[in-house]
Amino acid sequence: MSHTRTEPSSPTRARLRPMLLAAGLTLLSLASGCSAPALGPLLGLEPVNPWEKGNLARPAMMFDTNSLETRYLEHIYTSREAASGGSGVGGGGCGCN
Amino acid sequence: MSEPSRGAAGAAIVAAALTLPGVAPPALAESAPERTVLSLGYLNYQDSQPGLKRITVNAPSLGLVVPFAGHWAIEANAVGDSVSGASPRWHSSISSASRMQDFRKAGDVRVTRYFERSSIALGTAFSSEHDYRSQAISALVKFTSDDNNTTWTYGAGRAWDVINPVNQVVVDARKNTTDLMAGVTQVLTPNDIAQVNLTWARGRGYFSDPYKVVDNRPDSRDQAAVLLRWNHFLESMQATLRTSYRYYGDSWSVRGHTFTAEWIQPLGHGWSVAPLARYHTQNAAGFYYDPYYDPVLGPPYPPGFLANPNGLYSPDARLSAFGAGTLSLKVANAIDRDTIVDASLSFYEQRSSWRIGGNGSPGIAPLSARFLQVGLTKAF
């Protein structure tokens, strides 16, 4: 009895191709250490130097200061209101009452 | 010493301090955490409406961030929700409220690899109740500019949910969601940092609430949100003002606006207080119906139900038009350099009459909630 290895169908490959291309470009850019464009000059902002960032480094100035507390609050509001999103991706759903 | 020279001396001291190992500010630089951090949390949540104590939740949680191999970190979180109480089966009808009890387990793990000016994180999450299971994966990539003042964030996620309600209205119903995110964080001044995030989600599958009577929702939902955040440090008071605004819109015709402002005030000796105010307003989903019922069938059937029994309907008050406010106060104390304990008490109220930008939905009782959180964070 012969076994034939089946290749992914063309539509599947067509769907996967842009995702693989995006993933490959992302990994390439990460590995090459390429940097992202600075937005400050476009906005007319004076660049802030490393020695001026003492206040910015305070925990209260971070956008995600307490992961557990943030999760509690987002879960409560998602359970009681129709709106959600804006802060991340990949959270699990729930059958919240 | 004159003010300018004091400022220059201060900058020199900060610049010198930045050369010490482990003192470089993490603001926007893509660097792995240097220490293991353990977080413990506990939430007690209680909500009610006039004449009905509704849902009580007690939820302990555990979080851990562990750096390893120089450029890597693993983050794990777990929570257990004990949920009990009563939930109306249509609108805010007390007589229809059904009792429920459940235990929800949820957790997530994320592994991050840090490069010189970028990072990539891969994560997975799960949530399990006796009638609902969810699994999700995600990827998040960050790129930082050469001047360390701009960070670009891109993310993608996918969730697979399975619904098996005890009343067997559906069996093994599925809901799959894909979400995408793009964001930018920008240092504006030495005391200001801002962030803009765009998120978009496309869900397909079973969206109805199986425990609500006459609840038949579309089998798809596309959601988009724009989140603007701005943090400002006030030198004169050594305090931080944290603000945010979110615009939300979805394919169910819901539009929402959410504003948050928090003031973090250090008091000395490791103590700080943080009052917070939040306001949310939304209009009703296109298929939500007000509590006016069919003259023949009576509650909870909407007028004309018999003529179109398979139409889209929902009596879920969460999809109605309302405004909601939260006031909270958080107190934190740094016991030592490595340990912080905190507690916060929040009061939440949801009322039709508090909606801004239109009329609230009629005939819905106000919903009040009180939530108490305590937490402990320790670095090793």
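In this predicted model, 60 residues of chain A are in contact with 108 residues of chain B. Together the two chains bury about 6,400 Å² between them, and 59% of that area is on carbon and sulfur atoms. Five salt bridges are counted between chain A and chain B, while a search of the whole structure finds 19 over all chains. Here is a friendly tour, starting with the pairs that link the chains and moving on to chain B itself.

**Salt bridges between the chains**

- Side chains of opposite charge can pair when their charged atoms come close.
- B:D108 and A:R71 form a salt bridge, with their closest N and O atoms 2.5 Å apart.
- This pair crosses between chains, running from B:D108 in strand β4 (residues 98-114) of chain B to A:R71 in helix α2 (residues 67-80) of chain A.
- B:D108 counts as buried because its relative accessibility is 18%, under the 20% cut-off.
- A:R71, at 33% relative accessibility, counts as partly exposed.
- A second crossing pair goes from A:E81, in the segment after α2 of chain A, to B:R278 in strand β13 of chain B.
- The side chains of A:E81 and B:R278 meet in a salt bridge at 3.0 Å, N to O.
- A:E81 is buried, with a relative accessible area of 4%, and B:R278 also counts as buried, at 10% relative accessibility.

**Salt bridges within chain B**

- The side chains of B:R104 and B:D81 meet in a salt bridge, with 2.7 Å from N to O.
- B:R104 lies in strand β4 and B:D81 in strand β3 (residues 72-87), so this pair ties together parts of chain B that are 23 residues apart in sequence.
- B:R104 counts as buried at 11% relative accessibility, and B:D81 counts as buried at 5%.
- Salt bridges that share partners join B:D209, B:K212, B:D215, B:R217, B:D316 and B:R318 into one network.

**Chain B as a whole**

- Chain B has one helix and 16 strands.
- Its C-alpha trace spans about 85 × 40 × 35 Å along the principal axes.
- Of the 380 residues of chain B, 48% count as buried.
- Among contacts in chain B with a separation of 6 or more, 55% come from residues 24 or more positions apart.
- The accessible surface of chain B comes to about 17,900 Å², and carbon and sulfur atoms hold 62% of it.
- Chain B carries 33 positive and 31 negative charges, and the mean positions of the two sets are 3 Å apart.

**The loop between β13 and β14**

- B:S320 lies in the loop between β13 (271-282) and β14 (322-336) of chain B.
- B:S320 is buried, with a relative accessible area of 1%.
- Leaving out residues up to four places away in sequence, B:S320 touches B:Q282, B:N283, B:A284, B:Y288 and B:S361.
- B:S320 and B:T124 are 196 residues apart in sequence, and their C-alpha atoms are 33 Å apart in space.
- B:P300 is also found in the loop between β13 and β14 of chain B.
- The peptide bond from B:P299 to B:P300 is cis, with omega near 0°.

**Positive phi angles outside glycine**

- B:Q238 has a positive phi of about 55° although it is not a glycine.
- B:Q238 is found in the loop between β10 (220-234) and β11 (239-250) of chain B.
- With a relative accessible area of 35%, B:Q238 is partly exposed.
- B:H269 is a residue other than glycine with a positive phi, near 55°.
- B:H269 sits in the loop between β12 (255-268) and β13 of chain B.
- B:H269 counts as exposed because its relative accessibility is 81%, over the 50% cut-off.

How values were computed:
Residues are numbered from 1 along each chain as its sequence is written. Chains are lettered from A and ligands numbered from 1 in the order in which they are written. This is a predicted model: local features need pLDDT of at least 70, side-chain atom pairs count only at pLDDT 80 or more; totals for chains, interfaces and linings use all residues. Side-chain values use heavy atoms; hydrogens and water are left out. Helices (H or I, at least four residues) and strands (E, at least two) are DSSP runs, numbered from the N terminus. Buried means under 20% relative accessible area, exposed over 50%, partly exposed in between (1.4 Å probe, protein chains only). Contact means heavy atoms within 4.5 Å. Accessible areas come from the Shrake-Rupley method with a 1.4 Å probe; for residues, only the protein chains shown count as cover. Lys and Arg count as positive and Asp and Glu as negative; His and the chain ends are not counted. The place of a charge is taken as NZ of Lys, CZ of Arg, CG of Asp or CD of Glu. Buried area is the accessible area (1.4 Å probe) that two parts lose on being put together, summed over both. A salt bridge is a side-chain nitrogen of Lys or Arg within 4 Å of a carboxyl oxygen of Asp or Glu.
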